[in-house]
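Reader: I have a model open and would like to learn how to read its surface and its interior. Where should I begin?

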Amino acid sequence: MSTSTTGVVHLPTGTFTIATARQRIKARTVDVTAKIVSQFCGAVTGAVGATFAVEPQAQLLCWAVSLWMGFVGYDLLAMRITGRRAWGKTSFGRQLAGIVVLDARTGQPVDAVKQRIRDFLGNYMIGGPLWVYVQARRDPNTTMQAWHDRICGTYVVQVQHGPGPGI
């Protein structure tokens, strides 16, 4: 978990190059856009279902199911697309950007629970996504760790291809 070169982190599974701010922003943009589309589709589906439902309980059920699918539908689709193969449990945006979130202790991709906590802290508790990038750019250790990364003990690194410990 030490850094000896700018933009490099040494973890138990190997040495990794830290993800750039551009890669992180690209991943966030893809994920947020897909999440908004998913939520919009869920709301439209709920409106249509509630319109055709006669009973109030059926209308409420249509809204509840469609909104739930709107919020988790993208996550389920992303897990299906990534297949939890070599990319680990990562989002589609991170896969496109060529980055992955690794646990500082194990050097492995973070599990779903830690990822949710990390995302919640980064999105809502520590000033929002834009402030997260300012924090990461100002990290004195040159590891681009924002506060939510430090709290959760994670690093965002570039995916390695070829020989060696790949993610």
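Author: Begin with a nonpolar surface patch; bear in mind that this model is predicted. Phe 40, Val 44, Val 48 and Phe 52 make such a patch, of about 450 Å².

Reader: Is Phe 40 buried or exposed?

Author: The label depends on relative accessible area: exposed means over 50%. Phe 40 has 57%, so this residue counts as exposed. Phe 40 lies in helix H1, which covers residues 21–52.

Reader: What share of the accessible surface of the chain belongs to carbon and sulfur atoms?

Author: The accessible surface of the chain is about 9600 Å², and carbon and sulfur atoms hold 66% of that area.

Reader: Now the interior. How is a residue such as Asp 149 classed, buried or exposed?

Author: Buried means under 20% relative accessible area. Asp 149 has a value of 0%, so Asp 149 is buried. Its place is in helix H6, residues 147–152.

Reader: Which residues is Asp 149 in contact with, leaving aside its neighbours within four places in sequence?

Author: They are Arg 24, Arg 118, Met 144, Thr 154 and Val 156. As for the chain, 41% of its 167 residues are buried.

Reader: In what order do the elements of the chain run?

Author: Read from the N terminus, the order is β-β-α-α-α-β-α-α-α-β. That is six helices and four strands.

Reader: And what can be said about contacts between residues at least 6 apart in sequence?

Author: Of those contacts in the chain, 61% join residues at least 24 apart.

Key:
Residues are numbered from 1 along each chain as its sequence is written. This is a predicted model: local features need pLDDT of at least 70, side-chain atom pairs count only at pLDDT 80 or more; totals for chains, interfaces and linings use all residues. Side-chain values use heavy atoms; hydrogens and water are left out. Helices (H or I, at least four residues) and strands (E, at least two) are DSSP runs, numbered from the N terminus. Buried means under 20% relative accessible area, exposed over 50%, partly exposed in between (1.4 Å probe, protein chains only). Contact means heavy atoms within 4.5 Å. Accessible areas come from the Shrake-Rupley method with a 1.4 Å probe; for residues, only the protein chains shown count as cover. Patches are made of residues with over 30% relative accessible area and no salt bridge: like charges are joined within 9 Å, nonpolar side chains (Val, Leu, Ile, Met, Phe, Trp, Tyr) within 5 Å. A salt bridge is a side-chain nitrogen of Lys or Arg within 4 Å of a carboxyl oxygen of Asp or Glu.
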